[in-house]
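Please open the structure in your viewer and keep the selection panel at hand. The stops below say what to select next and what is there.

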Amino acid sequence: MLSRRRHLRGRGASSLLLLGASWLVLAGGLGAGEVVAVTAADARSEQAAAAAAHAAAAELAADPGAGALSVELQAARTACHLPEETAAPAACAPARVAAQRVARANGAGVVDFLLGPDPRDRGPEPAPGRIVAVVTVEVERGLPLLRRLCARHRPGAALCVARATAAARWG
Amino acid sequence: MRRSGGRGVVDPAVRGQRGAETLELVAGLPLLGIVVTALLQGAALVEEHARAAADARELVRHRVVCDHRDAPPAVVAGDPALRSARVTFTRAADPAGGALVTATVVLAPRILLPGLPAGPESPLAARAAATMREEPC
């Protein structure tokens with residue numbers, strides 16, 4: 001009788017262990033999935049930011065008004081901080097639109113856009129025609145478990161979106 | 001261990017329990033092997049995906065920069081896996097001016113679990129795309 005009871009207790013313990021291990025594997029798998037989603041979104045946002053900044057620089061390279069804009073930027077009369085800046089030069093908007101298009105093509109959205117003078121122009125020999133574009137983008141992480149929570153409660157939280165900033169130089 | 005009468009004879013009930021435990025362990029080992037292989041397979045797929053994304057990024061960057069447009073893909077990305085990968089470039093004119101170039105890389109998955117579909121057509125294949133604007137040359 002005692003032996004039978006012990007035997008049953010042993011079986012119960014091993015079943016419990018198996019159940020616990022199964023839950024552990026499941027939780028580990030889901031956690032790994034979340035980690036993969038987080039790192040993938042980070043990589044995507046970095047790519048999107050770099051591509052958007054490059055697009056802005058490429059747009060400036062094709063714009064005949066970019067030389068005059070670089071002078072404005074050096075004089076700190078503008079930073080092309082759109083849409084906050086109301087009297088920004090005309091060459092700012094096309095560069096921002098180009099950055100937005102490329103960011104969207106990479107699954108991201110531009111949240112901040114700035115143009116500034118090249119660091120070389122802060123030295124003893126400033127020259128026109130050199131501009132640095134700085135773009136910040138945001139990508140939704142699309143976390144498998146927290147997707148609904150992010151959509152409802154914390155749409156801008158760091159866990160829900162990946163942010164990245166990149167700069168590109170023209171000239 | 002319970003012995004009867006101290007003569008070195010194991011109780012049949014205890015012996016049966018030990019046998020069942022051994023059987024459970026033997027049956028559980030292949031399961032453990034499958035779980036570990038599945039975890040490694042998942043890690044391999046994630047690594048392939050990261051590699052495909054990095055390759056797409058490098059390829060599109062070289063395609064849009066004036067000086068590097070004609071470089072062969074495997075040399076550009078420095079990834080030998082690209083030789084068996086499917087690489088496509090698409091160029092779309094931007095209505096606002098310029099052109100957007102998209103590089104798409106499909107890498108064949110490394111299969112560790114037998115029975116899973118292999119090759120670039122496999123649903124497990126790592127797909128990644130990157131888009132950049134073409135520089136005016």
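Begin by selecting B:Ala93 together with B:Ala99, its bridge partner in β4(B). Before going further, please keep in mind that this is a predicted model.

**The sheet of chain B**

From that pair, extend the selection to strand β4 (residues 99-107) of chain B and to β3(B), which run antiparallel and are joined by eight bridges. Another of these pairings can be shown by selecting B:Arg86, whose bridge partner in β4(B) is B:Val106. In the hairpin of β3(B) and β4(B), five residues lie between the strands, and B:Gly97 takes a positive phi near 115° there. If you now color β3(B) by burial, the count of buried residues among its eight residues is zero, and the strand is hardly covered.

Add β5(B) to the view, and you have an open sheet of three strands in the order β3-β4-β5 (chain B), with antiparallel pairing. Which strands stand at the edges? They are β3 (86-93) and β5 (126-133) of chain B, and because each has a single partner strand, one side of each is left without a neighbour in the sheet. On average, and with direction ignored, neighbouring strands of this sheet are turned by 15° against each other.

Two helices are worth adding around this sheet. α3(A) packs on the sheet, where it touches β4 and β5 of chain B, and its direction makes about 175° with that of β5(B). α1(B) also packs on the sheet, touching β3, β4 and β5 of chain B, with a direction that makes about 25° with that of β5(B).

**The loop before β5(B)**

Select B:Ala125 next, which lies in the loop between β4 and β5 of chain B. Is B:Ala125 buried or exposed? It counts as buried, because 21 C-beta neighbours fall inside 10 Å and the cut-off for a buried residue is 20 or more. B:Pro109 is 16 residues away from B:Ala125 in sequence, yet their C-alpha atoms are 4.9 Å apart in space. Leaving aside neighbours within four places in sequence, the contacts of B:Ala125 are B:Val106, B:Leu107, B:Ala108, B:Pro109 and B:Pro120.

**Helix α1 of chain B and the contact between chains**

Now follow helix α1 (residues 12-64) of chain B from end to end: its 53 residues, at 1.5 Å a residue, should span 78 Å, and this agrees with its end C-alpha atoms, which are 78 Å apart. Pause at B:Gly28, where α1(B) bends by about 25°, and note that a proline, B:Pro30, follows within four residues.

Show both chains to see where they meet, a contact that takes 22 residues from chain B and 24 residues from chain A. On the side of chain B that touches chain A, the elements that give two or more residues are α1 and β5 of chain B. The largest share of that side, 10 residues, comes from α1(B).

**The sheet of chain A**

Turning to chain A, select its open sheet of three strands, which has the order β1-β2-β3 and antiparallel pairing. At the edges stand β1 (109-117) and β3 (161-170) of chain A, each with a single partner strand, so one side of each is left without a neighbour in the sheet. Eight bridges pair β1(A) in the antiparallel sense with strand β2 (residues 131-140) of chain A, and within β2(A) you can find A:Val134 standing opposite A:Leu114. Add α2(A), which lies across β1, β2 and β3 of chain A and runs at about 80° to β1(A). α3(A) packs on the sheet as well, touching β1 and β2 of chain A, and its direction makes about 140° with that of β1(A).

**Two residues in one loop**

In the loop between α2 (66-74) and α3 (92-105) of chain A, select A:Ala76, which has a positive phi of about 60° although it is not a glycine. A:Ala76 counts as exposed, with 9 C-beta neighbours inside 10 Å. A:Cys80 is also placed in the loop between α2 and α3 of chain A, and its phi is positive too, at about 50°, although it is not a glycine. A:Cys80 is buried, with 23 other C-beta atoms within 10 Å.

**The nonpolar core**

For the last stop, select A:Ala52, A:Ala56 and A:Ala99, the residues with the most contacts inside the largest nonpolar core, which has 62 residues. Helix α1 (residues 2-62) of chain A gives the most to this core, with 12 residues. Apart from neighbours within four places in sequence, A:Ala56 is in contact with several residues, including A:Ala95, A:Ala99, A:Val135 and A:Ala168.

Conventions
Residues numbered from 1 in each chain as written. Chains lettered and ligands numbered in written order. Predicted model: local features only at pLDDT ≥ 70, side-chain atom pairs only at ≥ 80, totals over all residues. Core = buried A, V, L, I, M, F, W, Y, C linked by C-beta atoms within 7 Å. Buried ≥ 20, exposed ≤ 12 C-beta atoms within 10 Å, placed from the backbone. Contact = placed C-beta atoms within 7 Å. Expected span 1.5 Å × (residues − 1). Bend = angle between axes of the 7 residues up to and from the residue. Pairing = 2+ DSSP bridges. Axes fitted to C-alpha atoms, helices over the stretch in contact; angles between N-to-C directions.
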